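Open the model in your viewer and keep the sequence panel visible. The tour below moves from one selection to the next.

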Amino acid sequence: MNATVSDFYYGAVTPIAAYVMACLGAGLGLRCTTRSLRRTRGGHRAGWLMLGAVSLGCGIWAMHFIAMIGFSVQGALVSYDPGTTLLSLAVAIAVVAVGVFLVGYRGVAPLNLGIAGTVTGLGVAAMHYLGMAAMQTHGTLHYSVPTVVTSVVIAVVAATAALWAAVSIHGLWSSLGASLVMGIAVTGMHYTGMAAVSVHLTSTTEVAQSSASLLSFLLVMLVGPLSVLLIAGVIVMFDPDMMLGGDEREAPATLAVPVFSTEPAIESPAPYTHH
């Protein structure tokens, strides 16, 4: 028997909260990546890129599970396997880190951006469906293949746009605008993927919505990612270059000879002095 499923058991509360979370993660990811490009020293750049990747990954994952709070299966209880749920978080952070580091160190040349966006988008889609695989209910989940493919395409396009924006958009207000658009894309990918889901029940229960224990479980799972986003927000807010707008203009580049170059260094001629 096919059950009636809904993604909006609590009305607009969960999609709005999910969208805000997606925007927050995207905004912090953009600002951290922008900050990494201000100072080219390897350790500092890697640190900011990693913080950006973790922020973006946590934001996407938190968006997914906040949205899942509103998911209900009529006539069935829903629960989640903790191990698979945490694995989906690790996948989200790992694949976003791959994309962020690729564009952070190699730029947004079309080929590199395409590879980074595709890897990241496929990873985000994998996170979503891995999170769905963690779901346990009195039945089996079925997916509409065309809708799943559409959600994966949206994920790849959204990831590519996010990575391009992370390196190409440096202004504060431009980053905020980009994060709002990215929030729409990421949340849209989630609900497109959820539109592909149908549930065939093997048994029924009188409970129409997930129990309080499920809500408690999801809230506990969200504590870690939300704490990470809070810490990242504090770091970004108290970074002088961020708050004073120092990242709006790139500092003058210093000419340097590549480490492995065989060409001799070219010294600037000394100024002519009249005797």
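Start with helix H3, residues 82–106, in this predicted model. At 1.5 Å a residue, the 25 residues of H3 should span 36 Å, and the end C-alpha atoms are 36 Å apart, so the expected and computed spans agree. Colour the buried residues of H3: among them are Thr85, Ser88, Leu89, Ala92, Ile93, Val96, Gly99, Val100 and Val103. An α-helix has 3.6 residues a turn, so residues three or four places apart point the same way. Then step past the end of the helix to Gly107, which follows H3 and has a positive phi, near 80 degrees.

**Whole chain**

Zoom out before going on. The protein has 275 residues, of which 46% count as buried. There are 8 helices and 6 strands, and read along the sequence they follow the pattern β-α-α-β-β-α-α-β-β-α-α-β-α-α. Among contacts between residues at least 6 apart in sequence, 89% join residues at least 24 apart.

**Leu113 and helix H4**

Select Leu113, in helix H4 (residues 110–133). Leu113 counts as buried because its relative accessibility is 12%, below the 20% cut-off. Which residues touch Leu113, leaving aside neighbours within four places in sequence? Show Val103, Val108, Thr160, Leu163 and Trp164. Of these, Val103 was listed above among the buried residues of H3. For another link back to H3, draw a distance from Leu113 to Gly99: the C-alpha atoms are 8.3 Å apart, with the two positions 14 residues apart in sequence numbering.

**The nonpolar core and helix H2**

Next, display the largest nonpolar core, which has 70 residues. The members that touch the most other members are Ile60, Trp61, Met68, Val73 and Tyr80. Helix H2 gives the most to this core, with 16 residues. In soluble globular proteins, nonpolar side chains tend to be buried together.

Centre the view on Met68. Not counting residues up to four places away in sequence, Met68 touches Tyr80, Met132, Met135, His190, Met194 and Leu218.

Stay with H2, residues 42–69, and select His64, which is also in this helix. Is His64 buried or exposed? With a relative accessibility of 1%, His64 counts as buried. Show the side chain of His128 as well: the side chains of His64 and His128 make a polar contact at 3.2 Å. Beyond its neighbours up to four places away, His64 touches Met127, His128, Gly131, Met132 and His190. Two of these names, Met132 and His190, also appear among the residues that Met68 touches.

Arg45 is another H2 residue to pick. Arg45 counts as buried at 13% relative accessibility, and its side chain reaches the backbone oxygen of Ser36 at 3.4 Å.

**Asp7 and the loop after strand E1**

Go to Asp7, in the loop between strand E1 (5–6) and helix H1 (13–36). At 13% relative accessibility, Asp7 counts as buried. Add its contacts outside four places in sequence: Thr14, Ala67, Gly70, Phe71, Tyr191 and Met194. Met194 is also touched by Met68. Then draw the C-alpha distance from Asp7 to Ser72, which is 6.5 Å for two residues 65 apart along the chain.

**Cysteines**

Select Cys23 and Cys58. Cys23 counts as buried at 10% relative accessibility, and Cys58 at 3%. How many disulfides does the structure hold? The number is 0.

**Strands E5 and E6**

Turn to strand E6, residues 197–201. Val197, Val199 and Leu201 make up its covered face, while Ser198 and His200 are on the uncovered one. Strand E5 (residues 139–143) runs antiparallel to E6, and 5 bridges join the two. To see one of them, select His142 together with its bridge partner in E6, Ser198.

**Ile184 on helix H6**

End with Ile184, in helix H6 (residues 172–195). Is Ile184 buried or exposed? Ile184 counts as exposed because its relative accessibility is 54%, and the cut-off for exposed is over 50%. A last distance to draw runs from Ile184 to Ala158: the two are 26 residues apart along the chain, and their C-alpha atoms are separated by 9.2 Å.

How values were computed
Residues are numbered from 1 along each chain as its sequence is written. Side-chain values use heavy atoms; hydrogens and water are left out. Buried means under 20% relative accessible area, exposed over 50%, partly exposed in between (1.4 Å probe, protein chains only). Helices (H or I, at least four residues) and strands (E, at least two) are DSSP runs, numbered from the N terminus. Two strands pair if DSSP finds at least two bridges between them. Contact means heavy atoms within 4.5 Å. A polar contact is a pair of N or O atoms within 3.5 Å; within protein, one must be able to donate a hydrogen and the other to accept it, and residues adjacent in sequence count only if both atoms are side-chain atoms. The expected span of a helix is 1.5 Å times one less than its number of residues. A disulfide is a pair of cysteine sulfur atoms within 2.5 Å. A nonpolar core is a set of buried Ala, Val, Leu, Ile, Met, Phe, Trp, Tyr and Cys residues joined through side-chain atoms within 4.5 Å.
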